[in-house]
Amino acid sequence: MIVFLRIGLGLVVLLLPLGHRCVAEDNGAISRGYEAVTTDFGNFYLDRGNLTKLGIGVGVAAVFANTEMDQYIRDKYQNSTRSHVTDQATKIFNISSTELALVAGTVYIGTYGAGLWLHNPTMVEWATNSFRATIVGGPALLVLGAATGADRPDEGDSNWGSYQNFHGVSGHTYFGAVPFITAAKMSENPYQKAIFYGLSTFAGLARINDDEHYFSQVALGWYLAYLSCAVVEKGSDRQEGRAHVQLAPVPKGLAITVRKRY
């Protein structure tokens, strides 16, 4: 948890103020970033509708985890589907979840900076929304991973037992799904949406292939990523059309700015 928080705080410092050239703009960026993150957390952890969706997802995962369904899927895949070809295809994910989070964060920062430099708002929006989604679902990922207490396939079964282990939710799946689900939600073309949603499952499928997680653990990791991206989209939609009044220091006093997004 400490490692995750350090990564998150570091990315907040680096990402949100990036590319702004004056104090007023820096203050505005920090204010907007703080407002966006607090809105996301409220929509995820305090909204009854989202908590209901989360509860349904956890309940479905519990059915797979605490019956023979997880073990059946695992045995069927490992004995009938896994091959040298699938092993080669999943090599890219043979890193720790912490390393994957760092890679994702680096990509977000790089894309954000490139988007500002190229004046490409789509790149900036994708990087910002992906980062926000990663942060907002992080606490749920950590708590559920420990609270379910499930083992990896090579350690034991997938039955839940609080705090016996920390693999009840796949972190690889979560971090690998967020950027593609974000891209899918930003796409208006239905074919592009389908492609991005398909790509969002690759990290999870790799964990099943490599026998690192049971199906329920992968499914719950993907579902957390989806809910996180959904609340970011909801928060961004609510900010559209709203006027923002800000105070910022200038050499001879205070400047009042009014900003409205359309």
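Here is a quick tour of this structure, from model confidence to rings, helices, a cavity and two unusual loop residues. Keep in mind that this is a predicted model. The chain averages a pLDDT of 83, and 78% of the residues score at least 70. Two stretches call for care: residues 1–26 and residues 254–262.

**Where to be careful**

- Over residues 1–26 the pLDDT is below 50, and the model gives this stretch 39 contacts beyond near neighbours in sequence.
- Residues 254–262 also stay under 50 in pLDDT, and here the model has 28 contacts beyond four places in sequence.
- Where pLDDT is low, the predicted coordinates shouldn't be read in detail.

**Aromatic rings**

- The count of aromatic pairs comes to six.
- One of them joins phenylalanine 44 and tyrosine 45: this pair is tilted, with 4.5 Å from centre to centre and 50° between the planes.
- The two partners sit in unlike surroundings: phenylalanine 44 has 0% relative accessibility and so counts as buried, while tyrosine 45, at 26%, counts as partly exposed.
- Tyrosine 174 and phenylalanine 175 make an edge-to-face pair, because their planes stand at 75°, over the 60-degree cut-off; their ring centres are 5.4 Å apart.
- Tyrosine 174 is buried at 0% relative accessibility, and phenylalanine 175 is buried too, with a relative accessible area of 8%.
- Ring pairs also link Phe41, Phe44 and Tyr45 into a cluster.

**Alanine 127 in helix H7**

- Alanine 127 belongs to helix H7, which covers residues 121–148.
- Its relative accessibility is 0%, so alanine 127 counts as buried.
- What is the C-alpha separation between alanine 127 and tyrosine 108, 19 residues apart along the chain? The two C-alpha atoms are separated by 4.7 Å.

**Helix H10**

- Helix H10 (residues 202–209) is largely enclosed by the rest of the structure, because six of its eight residues are buried.
- The buried residues of H10 are Ala203, Gly204, Ala206, Arg207, Ile208 and Asn209.
- Ile208 turns up again in the lining of the second largest cavity.

**The second largest cavity**

- The structure holds two cavities of 30 Å³ or more, and the second largest has a volume of about 50 Å³.
- Its lining is made up of Asp70, Ile73, Arg74, Tyr77, Gln78, Ile208, Asp211, His213, Tyr214 and Phe215.
- Which helix gives the most to the lining of this cavity? Helix H4 (residues 69–80) does, with five residues.
- By type, the lining residues of the second largest cavity divide into five nonpolar, two polar and three charged.

**Two residues with positive phi**

- Most residues other than glycine have a negative phi.
- Histidine 119 isn't a glycine, yet it has a positive phi of about 55°.
- Aspartate 211 isn't a glycine either, and its phi is positive at about 60°.
- Histidine 119 lies in the loop between helix H6 (97–118) and H7, whereas aspartate 211 is found in the loop between H10 and helix H11 (215–239).
- Buried or exposed: which applies to histidine 119, and which to aspartate 211? Histidine 119 is exposed, with a relative accessible area of 71%, but aspartate 211 counts as buried at 12% relative accessibility.
- Aspartate 211 follows H10 and is also among the residues lining the second largest cavity.

Methods. Residues numbered from 1 in each chain as written. Predicted model: local features only at pLDDT ≥ 70, side-chain atom pairs only at ≥ 80, totals over all residues. Heavy atoms only, no water. Phe/Tyr/Trp six-rings, centres within 6.5 Å; stacked < 30°, edge-to-face > 60°. Buried < 20%, exposed > 50% of the residue type's maximum accessible area, 1.4 Å probe, protein only. pLDDT = per-residue confidence, 0-100. Contact = heavy atoms within 4.5 Å. Helix = DSSP H or I, 4+ residues; strand = E, 2+ residues; numbered from the N terminus. 1 Å grid on protein atoms, 1.4 Å probe; cavity = no way out; pocket = protein on both sides within 12 Å on 5 of 7 lines; lining within 4 Å. Points joined across faces, edges and corners; volume = space filled by probe spheres on them. Nonpolar A, V, L, I, M, F, W, Y, C, P; charged D, E, K, R; others polar.
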